[in-house]
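Work through the exercises below with the coordinates open. Try each task before reading its solution.

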Amino acid sequence: TNLPKHKEVEYAGVAHLVSDIVVLDEDSGKVVVASGDGWAQMYDLVKKKREWDTRVFEEVSPAYQMSEHLLMSPTADITGDGLPEVLLTKTPSGNQYTGYSTTGRAALCDSAGNKLWDRDSYVWPGAALETGVLEGKPVFLEKGDLGITLVDIKEGESVLHTIPTDVLNSPSVIMKHPAGNGYLAFSSASDLMAISSEGAVQWHYPRITSVEAERGDFVGDATEDVLFWGDSSTQESSGSVPVYDIDGKSVYVTEPTYAPQGRDPEARLLRIMDGATRATAWSYEVPYGEFKSMGGLKGIQAVPDLVAADGIQDVIGYREDTAFIFSGKDGTLSTFSVGQPIASVDVIRNEASGNAIAVGISSSLIIFDSAGTPRWTTTSAEWAGDRSGSFMALDDVNSDNVSDLAVISTANIMVLRSVAATDNYQLHLTFQAEADYSISEVEMVPGSD
């Protein structure tokens, strides 16, 4: 059957479309259809007739159906007639907004087509309000100032309970109520999490946006292994806005209002795959509470043997002022603090006295042994006269079995070579930027001269 037209609506030649369909009762074949003009109808599929036709939202017209959706959620039986009621949500389409929006509305219709109430509501774009039951009372879930509120469906106003969302790593989440005391929270920018009605984490599944991999010898057999690490960094919007015509066709995208800003990758998960068996040798996940408060690990890389003197590669990274060292063989973790925010970590190969860790901080470099004991400290100002410079570990330039260094500033690149196989360095070469140019990014190319 065709959707009915209504004299109260100015269609202006625009065909209204079906927005949503829900089944009220499978046995009797009763379904409710929501349409783009703000009306809802119940159809009896067995008798093949429309039982009622109700105007739910007066401010909706077909001209807006490409930017707004009318969605539905069956509720528990409130009126006692043996059929569910229907909670209707007017929500912006998901491709135009992010996060919760106050432009939505909610309404409740009983199974006879009577509109019991309607009001403004916080809604998630493109999603219907979630329904559930709290201590025997039908409720719907709505974002509040202090968390997710459980609102009495019967009259649409009374907040019966608030679920704290402090534990979530994104305040803007869709919340579902599968059953019992558990609630499922998720979004495109957060973990998948189950929390209790008191806001306690029951379990979570990390949101991973990208995965990196590096080959290495970690297990200790003749087959190469693989280090995987996954991060949760998010590229921010540039402020561009898509523009659509009245039929929902894309017209153009506005110019960016600012340059996109991305966060440095922050690894949440590390995993070593045994190259011979394809099994996981060991894995590490940043504890959820630590990730939420401090973030993940940066600078993850496979490095020459640092711990256990077993000749097997290990894994390093850093977070805030702490360096992390993982045994490549079994994942045993050791850490040490340098007392200042870390900008980089690398390894100094030193076959005479054991490999060391080069930690870059603000305009300085400190070389530590694997136990976290400082061996040598220098600053970029000592070499380049520039406090904004940085350091990079190089291969062995002078063939003394000790890694050498580069000091990088906007005007110069200075190569430092180790002295007599010790942790001290002296100036070897200087490369100056050409006139009217500055040095911004430097990369070491393996196998180059």
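Rings of Phe, Tyr and Trp, the last by its six-membered ring, pair if their centres lie within 6.5 Å. Planes under 30 degrees apart count as stacked. On that basis, Trp282, Tyr284 and Phe326 form one aromatic cluster. The model is predicted.

**Exercise 1. Classify the ring pair of Trp117 and Phe140, and place both residues in the fold.**

Step 1. Start with the total: the structure holds five aromatic pairs.
Step 2. Take the geometry of one of them. The ring centres of Trp117 and Phe140 are 5.8 Å apart and the planes meet at 25°, so this pair is stacked.
Step 3. Locate the partners. Trp117 belongs to strand β8 (residues 115–123) and Phe140 to strand β10 (residues 137–143). They are 23 residues apart, and the pair links distant parts of the chain.
Step 4. Check exposure; the cut-off for buried is under 20% relative accessible area. Trp117 has 10%, so it is buried. Phe140 has 0%, so it is buried.

**Exercise 2. Repeat the analysis for Trp282 and Phe326.**

Step 1. The centres of Trp282 and Phe326 are 5.9 Å apart, with 15° between the planes: a stacked pair.
Step 2. Trp282 sits in strand β22 (residues 280–285) and Phe326 in strand β25 (residues 322–326), so the pair ties together parts 44 residues apart in sequence.
Step 3. Relative accessibility is 5% for Trp282, which counts as buried. Phe326 counts as buried too, at 0%.

**Exercise 3. How many residues of β25 are buried, and which strands pair with β25?**

Step 1. Count the covered residues. Five of the five residues in β25 are buried.
Step 2. Split them by face. In a regular strand, side chains alternate between the two faces of the sheet. Thr322, Phe324 and Phe326 are on one side of β25, with Ala323 and Ile325 on the other. Both faces are covered.
Step 3. Find the partner before β25. Strand β24 (residues 314–319) pairs with β25 in the antiparallel sense over five bridges. Tyr318 stands opposite Ala323. This hairpin has two residues between the strands, and Glu320 takes a positive phi near 55°.
Step 4. Find the partner after β25. Strand β26 (residues 333–337) runs antiparallel to β25, joined by five bridges. Here Phe326 stands opposite Leu333. The hairpin has six residues between its strands, and Gly331 in the turn has a positive phi of about 80°.

**Exercise 4. Where do Lys48 and Glu135 lie, and are they buried or exposed?**

Step 1. Recall the background: most residues other than glycine have a negative phi.
Step 2. Lys48 has a positive phi near 55°. Its place is the loop between β3 (39–44) and β4 (49–55). At 76% relative accessibility, Lys48 is exposed.
Step 3. Glu135 has a positive phi of about 50°. This residue lies in the loop between β9 (131–134) and β10. Its relative accessibility is 78%, so Glu135 counts as exposed.

**Exercise 5. Which rings have the charged ends of Lys143 and Arg268 over them?**

Step 1. For Lys143, the ring is that of Tyr122, with the charged end 5.8 Å from the ring centre.
Step 2. For Arg268, the ring is that of Phe291, at 3.8 Å from the centre.

**Exercise 6. Which residues make the nonpolar surface patch of about 330 Å²?**

Step 1. The patch is made by Leu192, Trp203 and Tyr205.
Step 2. Tyr205 lies in strand β16 (residues 201–205). Its relative accessible area is 57%, so Tyr205 is exposed.

How values were computed:
Residues numbered from 1 in each chain as written. Predicted model: local features only at pLDDT ≥ 70, side-chain atom pairs only at ≥ 80, totals over all residues. Heavy atoms only, no water. Patch = residues over 30% accessible without salt bridge, like charges linked within 9 Å, V, L, I, M, F, W, Y side chains within 5 Å. Areas by Shrake-Rupley, 256 points an atom, 1.4 Å probe, with all protein chains shown as cover. Salt bridge = Lys/Arg side-chain N within 4 Å of Asp/Glu carboxyl O. Helix = DSSP H or I, 4+ residues; strand = E, 2+ residues; numbered from the N terminus. Buried < 20%, exposed > 50% of the residue type's maximum accessible area, 1.4 Å probe, protein only. Phe/Tyr/Trp six-rings, centres within 6.5 Å; stacked < 30°, edge-to-face > 60°. Lys NZ or Arg CZ within 6 Å of the ring centre and 35° of its normal. Pairing = 2+ DSSP bridges.
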